[in-house]
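Student: I am new to this structure and would like a close look at one part of it, taken slowly. Could you choose a single strand, describe its surroundings, and then show me how that part compares with other places in the chain?

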Amino acid sequence: MAEVKKSAPGGAGTPGQAGSQGGGWTRFATARPRLTLLVALVLTALAVLAGGGVADRMGSGGWEDPSAESTYATKALEREFPGSQPNLLLLVDTGAEAAGAGGTAAVDAPAVAAEARKLAERLAAEPGVDGVGSYWSTGSPALRSEDGRQAVIGARIAGEEKDAAAVLDRIAPEYRGTHGPVEVSLGGGLAVRHEMQTVIQEDLLRAELIALPLTLVLLVMVFGSAVAALLPLGVGIVAILGTNAVLRGITEFTDVSVFAQNLTTALGLGLAIDYALFVVRRYREELAAGADTHTAVRTTLRTAGRTVLFSALTVAVSLSAMLVFPQYFLRSFAYAGIAVVLLAATAALTLLPAALVLLGDRVNALDLRRLLRRRGRPDGAGSEAGSGAGWARAAALVMRRAPVFAVLTTAGLVLLGLPFLGVKFGTADDRQLPVTASSRVVQDQLRDGFPGNPGGGITVLAEGSATPAQYAAYRERIAALDGVDRADGPVTAGSGGPGHAYFTVVPEGETVGAEAQRVVGELRAVPAPFDTSVTGQSAVLVDSKDALAERLPWAAAIVVLVTLLLVFLLTGSVVIPVQAVVLNALSLTAMFGAVVWVFQEGHLAGLLGFTSTGDIETTLPVLMFCVAFGLSMDYGVFLLSRIKEEYDATGDHEHSVRFGLRHTGGLITAAAVILAVVMVAIGTSRVTNTKMLGLGVALAVLMDAMVVRSLLVPSVMKLTGRLTWWAPAPLRRFHDRFGISESDASAAAPAPEDPGATGERQETATARR
């Protein structure tokens with residue numbers, strides 16, 4: 001196997017041949033380092049200007065399927081019956097239990113009614129506002145609180161999400177607050193989404209202020225050198241600023257969710273640091289082995305550089321799978337994720353080598369750990385070798401008891417994932433916000449104090465000519481359905497004239513509960529002499545779940561098949577790619593189990609500061625799978641590349657596994673801890689979905705690095721033995737021609753005399769450092 005690889009095109013050969021491999025890229029990256037850094041500085045400054053204000057152009061929705069029946073019905077109702085789809089609610093509070101003789105409700109007091117009608121008239125006259133209705137104009141008991149203290153004015157602010165938010169910003173100060181005998185608060189879907197966007201921006205800034213200094217401290221602990229620690233941080237900042245500029249451009253053509261900025265920050269710092277750690281670590285190893293600066297940079301790019309590029313492709317593929325879904329919430333994360341991954345890899349493979357050429361040995365300057373090192377080892381090799389020896393011994397222990405570690409670790413991960421079997425899917429609402437958020441306060445009062453949550457029912461749009469008798473017969477049929485509390489309508493006085501009407505159906509139980517979702521299906525099956533379309537929160541949820549279920553197999557196929565191909569190109573084995581997919585999936589079980597146990601069932605809700613709704617927003621598991629799977633592949637590629645490199649050189653399977661863990665175990669763990677810190681900083685958000693994403697992915701990353709890579713991978717590779725590297729002859733030839741390897745033939749060395757030994761002397765000889 002090793003001989004075949006060495007004789008293959010692009011494989012190991014003479015030093016001269018090896019030196020020419022990748023020469024074009026290394027010359028491009030290092031020939032003019034000052035010019036490269038100057039151009040990067042200019043482009044980064046332009047990115048700051050281009051990406052400025054990107055959050056203001058983003059939306060806070062995107063969970064619905066744009067081609068679904070519920071979306072069509074919602075848009076038709078907005079056009080024909082603006083009052084049926086209020087997205088702004090004015091909660092009018094009298095502050096009194098009753099007024100007038102005979103226990104008249106406080107909201108019916110003459111002074112209160114006069115002021116409320118005046119507010120409604122002013123609101124109806126506002127540009128961009130239509131469909132204004134209120135308790136005082138309709139008398140609907142659903143618009144008055146049960147204690148008679150409060151009532152609602154509803155309105156529709158038309159236009160796209162950004163335009164509607166601008167109108168809300170303009171009119172909100174004029175209506176919020178005291179007006180004569182009443183106090184007015186603003187709620188409704190538009191107010192909730194707008195406040196959510198504001199909270200996310202504030203939380204993202206706080207997360208960056210938390211993550212950046214902590215990351216720098218951890219990098220100094222990893223590298224010792226303050227200079228070396230600053231390099232990965234610089235790469236991450238460039239990636240984040242560049243991605244903001246890319247997202248700003250994308251907002252000119254399509255909707256982008258404001259939630260995607262959280263992923264930009266997390267992956268921008270996390271992956272850029274991963275890639276820079278890998279490159280700088282390899283460069284320092286080459287310097288410690290006696291190479292001059294230019295030779296060390298060239299060797300690093302030919303070896304670690306190829307692995308970084310390969311890793312970036314695997315992560316980008318996992319994130320690109322979200323493009324198959326119609327919801328722009330998920331597609332936004334694909335836009336942000338692909339951009340930040342590719343920019344992080346580009347910066348790590350261009351700006352970082354240029355900086356290393358200029359720094360030379362000074363990359364080890366400001367060494368803060370020098371006093372802790374042994375005398376005579378100023379490069380830190382002693383501490384790194386000691387750490388590596390610990391990983392090698394741990395790998396040897398795991399492989400000696402491989403069946404035990406494999407079975408127990410797998411069983412433990414499966415056990416942690418069992419709560420996910422009870423997952424319930426729901427939709428995002430105001431309870432994503434903290435309990436003190438003003439729009440959340442309004443929605444809580446509407447939910448708890450009103451006989452029917454305004455805007456929370458199911459709406460059936462009827463299109464086509466029909467007689468009053470036909471409308472009445474249809475209303476009787478839908479009112480008789482099991483699970484329906486009442487059916488109102490039809491409302492026919494729409495702006496479109498005859499041929500349009502709508503019915504309002506109030507389901508029993510929760511607005512988006514299982515019973516309401518079942519009622520949606522039954523409503524769609526009821527025969528009618530006209531065309532019907534069903535919408536409402538429960539209908540949107542049903543359609544969103546159907547869209548995800550329809551596209552999920554395609555997304556999974558993209559992730560799995562491309563992962564199998566890329567890992568095969570890296571290793572030349574058909575066994576390792578299957579192992580990688582299975583083990584990566586196992587690394588996610590703890591995350592999904594924790595998401596249900598904590599966020600759905602409400603454990604730790606008080607400690608973490610969120611409100612459990614009893615379900616999980618439908619798109620979150622898909623998003624978390626794509627992100628966490630990609631990051632797991634990132635670490636898997638780092639480990640497999642070093643194992644493959646050593647196996648090519650020695651042909652010794654067990655020794656290669658120990659070697660790979662020795663040289664990457666500490667690096668992967670450090671990268672995982674740093675990325676987890678960034679994700680936990682994101683998880684401090686006051687918005688529940690962002691908290692769930694940050695904390696869930698942080699758990700998945702730590703489980704992958706500390707359990708899967710250190711226990712499952714060596715134990716499984718021990719059990720599969722030399723079969724691990726098997727591939728049919730045609731595929732071996734394909735890999736020899738097109739495969740990617742981190743092996744650097746110019747630095748080749750003979751195999752150790754005792755390949756299976758665990759002693760540091762033999763492995764150090766093999767390491768060729």
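Tutor: Let us take strand 1, beginning with its partners: strand 1 is joined by six bridges to strand 3, which covers residues 150-157, and the two run antiparallel. Before going further, please keep in mind that this is a predicted model, and that every value below is computed from it.

Within the pairing with strand 3, two positions can be followed by eye: Leu-88 has Ala-155 of strand 3 opposite it, and Leu-90 has Ile-153 of strand 3 opposite it. Strand 1 also pairs with strand 5, residues 182-187, through five bridges, again in the antiparallel sense, and here Val-92 has Val-184 as its bridge partner in strand 5.

These pairings belong to an open sheet of five strands, whose order is 2-3-1-5-4 and whose pairing is antiparallel. The edges of this sheet are formed by strand 2 (129-134) and strand 4 (177-179), each of which pairs on one side only. From one strand to the next, the twist averages 25 degrees.

How enclosed is strand 1 by the rest of the structure? Residues 88-93 make up the strand, and six of the six are buried, so strand 1 is largely enclosed by what surrounds it. Being buried here means having under 20% relative accessible area. The cover reaches both faces, since Leu-88, Leu-90 and Val-92 are buried on one side, while Leu-89, Leu-91 and Asp-93 are buried on the other. For the setting, buried residues make up 56% of the 769 residues in the chain.

A second sheet offers another place to look. This one is an open sheet of four strands in the order 8-9-7-10, with antiparallel pairing. Strand 8 and strand 10 (531-536) stand at its edges with a single partner strand each, so each of them has one side left without a neighbour in the sheet. Neighbouring strands in this sheet are turned against each other by 20 degrees on average, with direction ignored.

Strand 8 pairs with strand 9, residues 500-507, over five bridges in the antiparallel sense. Along that pairing, Val-484 has Pro-507 of strand 9 opposite it, and Ala-487 has Val-505 as its bridge partner in strand 9. Strand 9 is joined to strand 7 as well, by six antiparallel bridges, with Leu-461 standing opposite Tyr-502 of strand 9. Strand 9 is mostly covered, in that six of its eight residues are buried.

Two helices lie across this second sheet. Helix 5, residues 69-80, lies across strand 7 (458-463), strand 9 and strand 10, and runs at about 95 degrees to strand 10. Helix 17, residues 468-479, lies across strand 7, strand 8, strand 9 and strand 10, and runs at about 165 degrees to strand 8.

One residue of this sheet deserves a separate look, namely Val-491, which lies in strand 8, residues 484-491. Its relative accessibility is 33%, and Val-491 therefore counts as partly exposed. Leaving aside neighbours within four places in sequence, Val-491 is in contact with Phe-81, His-500, Ala-501 and Tyr-502. Val-491 and Ser-84 are 407 residues apart in sequence, yet their C-alpha atoms are 9.2 Å apart in space.

That pair leads on to the chain as a whole. Among contacts with a separation of 6 or more, 80% are between residues 24 or more positions apart. The chain has 27 helices and 11 strands, and its accessible surface comes to about 30,100 Å², with 62% of that belonging to carbon and sulfur atoms.

To end with a contact between helices, the axes of helix 19 (residues 537-571) and helix 26 (residues 729-738) come within 8 Å and cross at roughly 75 degrees, which means that helix 19 is roughly perpendicular to helix 26. In this contact, Phe-568, Leu-569, Leu-570 and Thr-571 of helix 19 meet Leu-731, Phe-734, His-735 and Phe-738 of helix 26. The residues of the contact divide into six nonpolar, two polar and no charged.

Methods:
Residues numbered from 1 in each chain as written. Predicted model: local features only at pLDDT ≥ 70, side-chain atom pairs only at ≥ 80, totals over all residues. Heavy atoms only, no water. Buried < 20%, exposed > 50% of the residue type's maximum accessible area, 1.4 Å probe, protein only. Pairing = 2+ DSSP bridges. Contact = heavy atoms within 4.5 Å. Areas by Shrake-Rupley, 256 points an atom, 1.4 Å probe, with all protein chains shown as cover. Axes fitted to C-alpha atoms, helices over the stretch in contact; angles between N-to-C directions. Parallel < 35°, antiparallel > 145°, perpendicular 65-115°, else oblique. Nonpolar A, V, L, I, M, F, W, Y, C, P; charged D, E, K, R; others polar.
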